[in-house]
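Visitor: I am in my first year and still learning to read structures like this one. Could you take me slowly through a single part of it, and then show me how its aromatic rings are arranged?

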Amino acid sequence: MSTDLPKSEKPAVKFAAGDFAGDRPPGDMRSAALDAWQRVRSGDLGATPAILGLLGLIVLFTALRPETFLSKGNIANLFTQALPITILAMGLVFVLLLGEIDLSAGVASGVCAAVMAKLLVDAGQPWYVAVLAAVAVGIVIGTALGAFVALVRIPSFVVSLALFLGLQGITLRLIGEGGTVPVRDDVINALANKNMPVGLGWALAAAVIVGYAATEFLRWRGQHARGLAARPIQFVGARVGVVTLAVLGGTYLLSQDRAPGPIVLAGVPWGVLLVAVLLIICTFVLGRTRYGRHVYAVGGNAEAARRAGINVTRIRVSVFMIASTLAAISGIVAASRLSSVATNSGAGNTLLYAVGAAVIGGTSLFGGRGKARDAVLGGLVIAVIDNGLGLLGTKAYLNFLITGVVLLLAASIDATARRRRSEMGR
Amino acid sequence: MPATPVLELRGVDKSFGPVKVLHDVSFTAHAGEVTALVGDNGAGKTTLVKGIGGVHAFDRGVYRFDGRPVRPRSPRDAAALGIEIVHQDLALCENLDIVENMFLGRERSHGIALDEAAMEEAAAATLSRLSVRTVGSVRRRVSELSGGQRQTVAIARAALWDSRLVVLDEPSAALGVAQTQQVLELVRRLADRGLAVVLISHNMNDVFAVSDRVAALYLGRTVAQVRTADVTHRQVVELITSGRSGDLGPRA
């Protein structure tokens, strides 16, 4: 790829408009495979490490705990465990795309959940008022954080570290020393603890698959018809196949009766639907809108983005707002899962799990690279580790050590890949 | 020779605090021609170009574009007039592909969704109009491109819009021989398509290979603007280093 063609003797030859893309004909399996290999070699691994890691971990824990790890109840548990991490990580992807960090996202989720719980319990407000208030608090936190980073120009590491401390104080003040506030609202609790009817789960799964396949194939057909650079149809088919398998497999596992007793307990948890909707929205925003394009541009080269007329300050503030808003939603889901909010909600390893999820999924810590789906893949990996270690009865100290090592490993892969990219780039 | 130059500067001054960087500078660029802007470091080339591109305003003097007096106050204003500047550092985002870079900040969209197909077609059409055949697929990321290919993308981006004037700041400074040749051919083709091209360069070979006129700055003053065919290598070097050469340059 580095070989520039030698100077052509007849530079003035006329080409048709489509000729350019025809340098390497689109739809050719061999050139596409070469391209993919080239990308892997240059350190652009995409979702591969996360998927391989996920499969490897599942095999490992199944071998170690064959009777419990793959039990129906545990699989459902695993999914609900992954929900808050995934939502938090999805917000962090936006921040990481700019090469920034939000260390306060975890405790921000705690504050928002505390606000919601206080409104539900003490003020007796209906759930939607409490949820809206929690999200509003998230937006306020994100705006403040973003303003300090983008306008006052303090490194995001420092601002969010300050917020990390300050927000814990606010949670403590709201909940009271050492206490917990129980969340008994039916709607909130249903989010992580109730399942949709089995039939509805299948119908939604089918809708997701058909929608995804239609988008992919229609795009391919459009590109093909207009002679644009398109991946070969086999690639598109393989992608659709993998997604179909994953969605059907997940729905099948969650549609089994997992109750030990005579009562039937089956169906996809409502929270999974919430994550799916967020994933679709974030993927669209990042991949298909002008705003998303500008986020990538600022993360890749902020000066170039500024010269291209992009309002870099606005983009900076907005990603922190998105991260804190999703943190609020994550806090609500976490409160639903535990049916309570405690003083340590969102503290401890919450944030590290979420950052780990995003990085394991393939989002770069150096900015410019990452996707919303990284949060889902990485969130599942983290949940499997957390869940599997729990089943093994590992001591708490080992849990911390192992999770720390996994995060370090993912960051090392990211840093190595980045170095390879800059070596390959000439 | 066209009657009205695309760009005409007359008697332009620019100071930064007590330091007067440009004195009474005159400069013209004509459609269909490459005008080389030469001068030693500190001669005022960059200041002149920034003034043309609207990064900062000139203190005094006439700035005419297509014969009309204008006063661009920002790079946006300049772009609206049809002035594109390709900076030395190119200002490309390595994590984006060629099409995305060419349309950066000026994306086309259907409602809220980007119109990728239209952008890709327009980018490919511009590249093939410029007979660029060396970058492979337009969906390759800039990080995968060589220095010459990146320069090509930056220049093609400037030509994508209805530009009238393209200013290139040292496009071949970091390139090898073959890549320099390609970029110079591209510069020539821009001019052949009717654009006014200003080429800033330190390299006399480049200047003589591609330019129609040479303008020399010396200590913030225009010392000559002549047809390239009428001067020799040696004369241009003398203009750059001492501000005069034989009949050329201001009378002492």
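**Aromatic rings and a helix**

Guide: In this predicted model, both A:Phe61 and A:Phe69 are buried. A pair of aromatic rings is described by the distance of the centres and the angle of the planes. For A:Phe61 and A:Phe69 the centres are 5.6 Å apart and the planes stand at 40 degrees to each other, an arrangement that counts as a tilted pair. Chain B offers another tilted pair, formed by B:Phe58 and B:Tyr63, with 6.1 Å from centre to centre and 55 degrees between the planes. B:Phe58 counts as buried because its relative accessibility is 10%, where buried means under 20%, and B:Tyr63 counts as buried because its value is 7%. Over all chains, the count of aromatic pairs comes to 4.

A ring can also have a charge as its partner, and in chain A the charged end of A:Arg418 sits over the ring of A:Phe366, at 4.3 Å from the ring centre.

Now let us turn to a helix, α7 of chain A, which covers residues 186-193 and has A:Ile188, A:Asn189, A:Ala190 and A:Ala192 as buried residues. The buried residues of α7(A) pack against several other helices of chain A, namely α3 (72-97), α4 (105-121), α5 (127-150), α10 (270-288) and α13 (312-338). At the start of α7(A), a side-chain oxygen of A:Asp185 comes to within 3.0 Å of the backbone nitrogen of A:Val187.

How values were computed
Residues numbered from 1 in each chain as written. Chains lettered and ligands numbered in written order. Predicted model: local features only at pLDDT ≥ 70, side-chain atom pairs only at ≥ 80, totals over all residues. Heavy atoms only, no water. Buried < 20%, exposed > 50% of the residue type's maximum accessible area, 1.4 Å probe, protein only. Helix = DSSP H or I, 4+ residues; strand = E, 2+ residues; numbered from the N terminus. Contact = heavy atoms within 4.5 Å. Polar contact = N/O pair within 3.5 Å; in protein donor to acceptor, adjacent residues only side chain to side chain. Phe/Tyr/Trp six-rings, centres within 6.5 Å; stacked < 30°, edge-to-face > 60°. Lys NZ or Arg CZ within 6 Å of the ring centre and 35° of its normal.
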